[in-house]
Amino acid sequence: MRPTIVFYNPISTSPGKQRLPLSLLAIAAVLEDDYEVVFIDGNLIADPAQAIAAKVRETGAKLLAVTVMAGPQLRQAVPVCKQLKTELPDLTILWGGYFPTQHSDVVLNSGIVDYVIQGQGEAPFRQFVDAFFNGGALHDTLSLVFRENGSVKVNTRAPFVQLDQVPRYPYTKIDVPAYINKSYLGNRVLSHHTSFGCPFACSFCAVVAMSKQRWLSESAARVGEIVGHLHNTYAIDGLEFTDMDFFVNEGRTSEIADRI
């Protein structure tokens with residue numbers, strides 16, 4: 001039986017405006033068919049703590065992976081994870097995303113999170129879960145932050161991975177129609193990231209700590225194929241590109257427009 005990993009997307013927007021949990025889809029993609037994946041989305045479920053606890057008991061899941069930004073996600077993620085740690089003390093909780101990347105010490109010293117992965121998480125998360133479930137040098141995982149002997153240890157960041165080299169989002173693992181919304185773009189709108197990071201170092205921006213001024217993009221050809229897939233499979237008539245910085249390469253932007 002394949003191990004189960006529960007992915008939790010804390011609430012990030014108001015009802016009716018929920019977007020695909022793209023960061024978690026990106027992480028789930030690298031697990032391929034070696035692990036069972038369950039998504040719990042605080043934007044869709046009124047009591048995510050109860051839903052997570054029920055799914056953990058049902059599947060025997062040992063690992064909960066959470067993506068967290070400051071703001072609404074942090075406000076929900078903290079009490080939910082605190083409750084889960086009380087009810088399910090053997091459940092390992094790992095955080096990734098903007099907030100834990102920048103504030104790993106605060107997160108790990110809270111006592112409710114066991115591990116943090118900083119920055120681009122696809123390759124490190126796969127390394128972590130393989131060691132977690134199969135045995136190995138867990139604390140050697142690149143980009144991992146953890147507590148050891150009372151201190152917070154920060155591992156070397158993993159090398160960046162070009163987006164065309166990682167698997168495409170596993171849309172079949174989530175209820176995609178639940179994320180189709182109406183906006184000024186159309187009546188059936190989804191979202192997609194075509195890139196990761198940003199080449200600039202603005203002092204006010206959380207992206208800097210995540211990407212270290214690197215901008216990694218999908219090729220225009222891959223973007224065109226994904227747009228076609230979403231249109232043909234889910235009958236969308238609009239798509240939001242929610243990149244950190246979409247227009248870095250004008251030639252790529254023009255080619256994407258042509259392909260769409």
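Where is Ala235 found? Ala235 sits in the loop that joins α8 to β12 (238–241). The views below come from a predicted model, and we start with this loop.

**View 1. Ala235, a residue with positive phi after α8.** Most residues other than glycine have a negative phi. Ala235 is not a glycine, yet its phi is positive, at about 55 degrees. The loop holding Ala235 runs between α8 and β12. Ala235 counts as partly exposed because its relative accessibility is 46%.

**View 2. Asn149, a second place with positive phi.** Here we turn to the loop between β6 (144–148) and β7 (151–154), which is where Asn149 is found. Asn149 is not a glycine either, and its phi is positive at about 55 degrees. Is Asn149 buried or exposed? With a relative accessibility of 78%, Asn149 counts as exposed, since the cut-off for that class is over 50%.

**View 3. Helix α8 packed against helix α9.** Helix α8 covers residues 220–234 and helix α9 covers residues 250–259. Their axes are 9 Å apart and make an angle of about 35 degrees, and the crossing of α8 past α9 is right-handed. From α8, the residues in this contact are Ala220, Ala221, Val223 and Gly224. Their partners in α9 are Arg252, Glu255, Ile256 and Arg259. By class, the contact of α8 with α9 is made up of 4 nonpolar, 1 polar and 3 charged residues.

**View 4. The largest pocket and its lining.** This pocket holds about 980 Å³ of space. Its lining has 46 residues, and those closest to the centre are Leu22, Ser23, Leu24, Thr67 and His193. Several elements give two or more residues to the lining, among them the strands β1 (4–9), β3 (63–67), β4 (92–96), β9 (186–192) and β10 (195–197). The helices α1 (22–29), α6 (122–134) and α8 do so too. Which element gives the largest share of the lining? That is α1, with 5 residues. The lining as a whole divides into 23 nonpolar, 17 polar and 6 charged residues.

**View 5. Val116, a buried residue in strand β5.** Strand β5 spans residues 115–117 and includes Val116. Val116 is buried because its relative accessible area is 0%, where the class calls for under 20%. Which residues surround Val116, leaving aside its neighbours within four places in sequence? Val116 is in contact with Trp95, Pro100, Ser104, Val107 and Leu108, and also with Ser143, Leu144 and Val145. A further pair to look for is Val116 and Phe146: they are 30 residues apart in sequence, but their C-alpha atoms are 6.6 Å apart in space.

**View 6. Val208 in helix α7 and the residues it touches.** Helix α7 runs over residues 207–211 and contains Val208. Not counting residues up to four places away in sequence, Val208 touches Phe200, Ala201, Cys202 and Gln213. From C-alpha to C-alpha, Val208 lies 7.4 Å from Cys198, with their positions 10 residues apart in sequence. Val208 counts as partly exposed because its relative accessibility is 24%.

**View 7. Gln165 in the loop between β7 and β8.** Strand β8 covers residues 181–183, and Gln165 is found in the loop between β7 and this strand. Gln165 counts as exposed because its relative accessibility is 60%. Gln165 and Gln213 are 48 residues apart in sequence and 20 Å apart in space, taken between C-alpha atoms.

Terms used: Residues are numbered from 1 along each chain as its sequence is written. This is a predicted model: local features need pLDDT of at least 70, side-chain atom pairs count only at pLDDT 80 or more; totals for chains, interfaces and linings use all residues. Side-chain values use heavy atoms; hydrogens and water are left out. Axes are lines fitted to C-alpha atoms, for helices over the stretch in contact, and angles run from 0 to 180 degrees between N-to-C directions. Helices (H or I, at least four residues) and strands (E, at least two) are DSSP runs, numbered from the N terminus. A crossing is left-handed if the near helix is turned anticlockwise from the far one by less than a right angle, and right-handed if clockwise. Contact means heavy atoms within 4.5 Å. Ala, Val, Leu, Ile, Met, Phe, Trp, Tyr, Cys and Pro count as nonpolar, Asp, Glu, Lys and Arg as charged, and the others, Gly among them, as polar. On a 1 Å grid over the protein atoms alone, a cavity is a set of points where a 1.4 Å probe fits but cannot get out, and a pocket is an open set with protein on both sides within 12 Å along at least five of seven lines; lining residues have an atom within 4 Å of a point. Grid points are joined across faces, edges and corners, and a volume is the space filled by probe spheres set on the points. Buried means under 20% relative accessible area, exposed over 50%, partly exposed in between (1.4 Å probe, protein chains only).
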